[in-house]
Amino acid sequence: MSDDRRVLTDRQGHPIADNQNQRTIGSRGPATLENYHFMEKLAHFDRERVPERVVHARGATAFGEFEAYGTVGDEPIAKFTRAKLFQQKGKKTDVALRFSTVAGGRDSSEAIRDPRGFAVKFYTEDGNWDLVGNNLAVFFIRDAIKFPDFIHSQKPDPVTFERQVANRVFDFWSQSPEALHMVTLVLGPRGVPTSYRHMQGFGVNTYKWVNAAGETKLVKYHWLPRQPVQSWTEADAAVAQGQELGVHTRDLYGAIAAGDHPQWELNVQLMDDHDHPELNFDPLDDTKVWPENEFPLLPVGLMTLNRAPENFFAESEQIAFGTGVLVDGLDFSDDKMLVGRTFSYSDTQRHRVGPNYQQLPVNAARSAAHGVNTNLRDGAMAYHVDDSGSEPSINYEPSLRAGLREADKPAHAEQGPVIEGRLTRARIERTNDYQQPGERYLLSEQWEKDELVANLVGNLKQCDREIQERMVWHFFLCEDELGQRVGDALGISAEDVKHLQPVPTQGWGPAEQARLDRLGRNGPRDVSGLVMTHCVPNQRVALADEAEPVTA
């Protein structure tokens, strides 16, 4: 690539030497607050669209309740978290769940190929908890500094406004091999679920649980539907889209009105709170799943949706979520995507809905035992003044006179592992971008493999040759069969691309080099005994005539 291109800068004219990694303590984090380029980039990105959401604009909200089991697997849940909503068997908490698509506008099709948002708001006695995720268990990038770039690549061309141009989409992915795992999911049938009711949900990021003693566990959240998982092929989705743009919303509200209330069981995976050097991936990497044969799913409760909005704008368009909205007993990990989402989500809500968006009924903490008592004041569209105690003039803390007091502190002063490192901008060490996409392909059902290959080929045929070659190179590194099938359809062999070198920004090590040295001749990966997230039966609901699959 030519070196005469102009240098990337920020709006202050500062040259940007690293646009891949935010600044952290050591390569795994935590992130630092004075990440100026990162903060400015995300803050500007959050304000690119007014007034609809920049992403997840098309969506539908429903309401219901979450019933706790009081246990995690066979053990009392208090052993792992002190979060009150989980403690008592049968305890019910009101919830709101907003489903959405990601890339399209507010009036776009719901049958389009896209991840689906799966955002749950729990109205708990300790205040609100937002568990903001997707129907796919991984994401395209592992560092939030790349989020504006990724979304730009998926959004319409800024010149022609043509939607999801394959040459733009795959150009970004070709230079971001960490996206390959998500590509194998979103380009397969799970990228077009038949309805919001018939899909899984995931927290995607790694969080932490904290018990009364301050002991911590890493945790991942899984929503398993009581309804069967169902998907469409590209052709099936085209039929549905031709009949109704809002097919998923109509299905959801129709089922609730008919008394067919959809349910999901919340399961968790738990892991000791450290960096786990024995694993070939980093547990904080959101492009990876945790093997379920090593870290089994443990049920903790059941969610039921039983009410549609009474006013769609007030209860769906204005509902606002943020990954920073946690309650006592739940905590953040140092997942770099989670850190960025926590800033970006709340920031974009203040821009989109207003600085007092949390006072809206759908966003207000309706069940908090202590009420809502703050010293926050005024701002655009202030609906009321929060309770600040017996003396309204005291809108600050601390005070000898009146006002609010701090809550009681937990019994422990510290929690979590000791973190040591120097300030740096660096990717995590164990990127391992090819193993799980290869395993995902091998563990998919045959119709899922065929649909994935057909969609990859159909899109890549629209791309420049250099993008085609780089993607085939990536697919061969994932799994021989995947590279062979896509490559044969494009007229590109392993021999044609074996000379390509790693992308400058990607992680690379002996395992990747060994596969490159035998490109196309590595043989199938060993997946015996592996239980991988998403490997649940996926029923095709056929709307279109059968098409011939792409074969090698």
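This dialogue discusses helix packing, a buried helix face and backbone geometry in a predicted model.

Reader: At what angle do helices H12 and H13 pack?

Author: Helix H12 (residues 465–478) and helix H13 (residues 480–490) pack at about 155 degrees, and their axes are 7 Å apart. Angles over 145 degrees count as roughly antiparallel, so H12 is roughly antiparallel to H13. Among the residues in contact are Val472, Phe475 and Phe476 of H12 and Leu482, Val486 and Leu490 of H13. The contact comprises 6 nonpolar, 4 polar and 2 charged residues.

Reader: Which residues of helix H15 are buried, and why do they line one face of the helix?

Author: In general, an α-helix has 3.6 residues a turn, so residues three or four places apart point the same way. In H15 (residues 510–517), the buried residues are Glu512, Arg515 and Leu516. Viewed down the axis of H15, they fall within an arc of 100 degrees and therefore line one face. These buried residues pack against H12 and H13, whereas the face turned away carries the exposed residues Pro510, Ala511 and Asp517.

Reader: Where should one look for cis peptide bonds and positive phi values?

Author: Most peptide bonds are trans, and most residues other than glycine have a negative phi. Here, a cis bond joins Gly29 and Pro30, with omega about 15 degrees, and another joins Glu397 and Pro398, with omega about 10 degrees. Phe161 has a positive phi near 65 degrees, and His534 has one of about 85 degrees.

Reader: Is each of these two residues, Phe161 and His534, buried or exposed?

Author: Phe161 is exposed, at 61% relative accessible area. His534, in the loop between H15 and strand S16 (539–540), counts as buried at 4% relative accessibility.

Terms used
Residues numbered from 1 in each chain as written. Predicted model: local features only at pLDDT ≥ 70, side-chain atom pairs only at ≥ 80, totals over all residues. Heavy atoms only, no water. Axes fitted to C-alpha atoms, helices over the stretch in contact; angles between N-to-C directions. Helix = DSSP H or I, 4+ residues; strand = E, 2+ residues; numbered from the N terminus. Parallel < 35°, antiparallel > 145°, perpendicular 65-115°, else oblique. Contact = heavy atoms within 4.5 Å. Nonpolar A, V, L, I, M, F, W, Y, C, P; charged D, E, K, R; others polar. Buried < 20%, exposed > 50% of the residue type's maximum accessible area, 1.4 Å probe, protein only. Arc of directions from axis to C-beta.
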